[in-house]
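I opened a notebook page for this structure and set down each thing I looked up in turn. The entries follow the order in which I asked.

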Amino acid sequence: MGEGWLGDGFAGVATGVSFADALGGGVSCGEKGGVLLLTDASSLSPEAAAFITAHPDLAAVAVFGGAGAVADAVLAQIAALL
């Protein structure tokens, strides 16, 4: 991000288990100048949580893959950090 080509105003979250979710999510995040964070399907990864916590100015977090790929518990964890 220090190079000026990524921003921290938008982030996406995907499991990476289904390559289509992560691939499409990565493209969407890149278009918005943001980053794609990878997580477990049932709980938010420590790395994703740390990124969200470290960027309080995050305007939006999108979850790619839907309920079949990312559990509601992950959505709740993200909401609690925002």
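**Entry 1: aromatic pairs.** How many aromatic pairs does the structure hold? I looked through this predicted model and found zero aromatic pairs. An aromatic ring does appear in another kind of arrangement, since I noted Lys-32 lying over the face of Phe-10, at 5.5 Å from the ring centre.

**Entry 2: the chain as a whole.** I next listed the elements and found three helices and three strands in the protein chain, which run β-α-β-α-β-α from the N terminus on. For the overall dimensions, I compared the radius of gyration with the globule rule: a compact globule of 82 residues would have a value near 12 Å, and the protein chain has 12 Å, so the two agree. The C-alpha atoms fill a box of roughly 35 × 25 × 15 Å along the principal axes. I recorded an accessible surface of about 4,500 Å² for the protein chain, with 61% of it belonging to carbon and sulfur atoms, and buried residues making up 34% of the 82 residues. Among contacts with a separation of 6 or more, 67% are between residues 24 or more positions apart.

**Entry 3: helix H2.** Which residues of helix H2 are buried? In H2, which spans residues 46–54, I found Ala-48, Ala-49, Phe-51 and Ile-52 to be buried. These residues cover an arc of only 160 degrees around the axis, and therefore they sit on the same side of H2. On the other side of the helix I noted Pro-46, Glu-47 and Ala-54 as exposed. I then asked what covers the buried residues of H2, and the cover includes strand S1 (10–14), strand S2 (35–38) and helix H3 (72–81).

**Entry 4: Cys-29 and Val-27 in helix H1.** I looked up two residues of H1, and the first was Cys-29, which is found in this helix. Is Cys-29 buried or exposed? Its relative accessibility is 1%, and because buried means under 20%, Cys-29 counts as buried. Leaving aside neighbours within four places in sequence, I listed its contacts as Phe-10, Ala-11, Gly-12, Gly-34, Val-35, Leu-36 and Phe-64. I also took a C-alpha to C-alpha distance from Cys-29 to Val-63, which are 34 residues apart in sequence and 11 Å apart in space.

Val-27 is likewise found in helix H1, at residues 19–31, but with 56% relative accessibility Val-27 counts as exposed. From Val-27 to Glu-47 I noted a separation of 20 residues in sequence and 20 Å in space, C-alpha to C-alpha.

**Entry 5: Asp-40.** Where is the place of Asp-40? I located Asp-40 in the loop between S2 and H2, and at 46% relative accessibility Asp-40 counts as partly exposed. Not counting residues up to four places away in sequence, Asp-40 touches Thr-15, Ser-45 and Val-74. Asp-40 and Gly-16 are 24 residues apart in sequence, and I recorded 8.4 Å between their C-alpha atoms.

**Entry 6: Gln-77.** With which residues is Gln-77 in contact, leaving aside its neighbours within four places in sequence? I found Ser-43 and Leu-44. Gln-77 itself is found in helix H3, and at 31% relative accessibility Gln-77 counts as partly exposed. For a distance across the chain I took Gln-77 and Ala-22, which are 55 residues apart along the chain and have their C-alpha atoms separated by 19 Å.

Technical notes
Residues are numbered from 1 along each chain as its sequence is written. This is a predicted model: local features need pLDDT of at least 70, side-chain atom pairs count only at pLDDT 80 or more; totals for chains, interfaces and linings use all residues. Side-chain values use heavy atoms; hydrogens and water are left out. Helices (H or I, at least four residues) and strands (E, at least two) are DSSP runs, numbered from the N terminus. The radius of gyration is taken over C-alpha atoms; the globule rule is 2.2 Å times the number of residues to the power 0.38. Buried means under 20% relative accessible area, exposed over 50%, partly exposed in between (1.4 Å probe, protein chains only). Contact means heavy atoms within 4.5 Å. Accessible areas come from the Shrake-Rupley method with a 1.4 Å probe; for residues, only the protein chains shown count as cover. Rings of Phe, Tyr and Trp (its six-membered ring) pair if their centres lie within 6.5 Å; planes under 30 degrees apart count as stacked, over 60 as edge-to-face and the rest as tilted. A charge sits over a ring if NZ of Lys or CZ of Arg is within 6 Å of the ring centre and within 35 degrees of the ring normal. The arc is that of the directions from the helix axis to the C-beta atoms.
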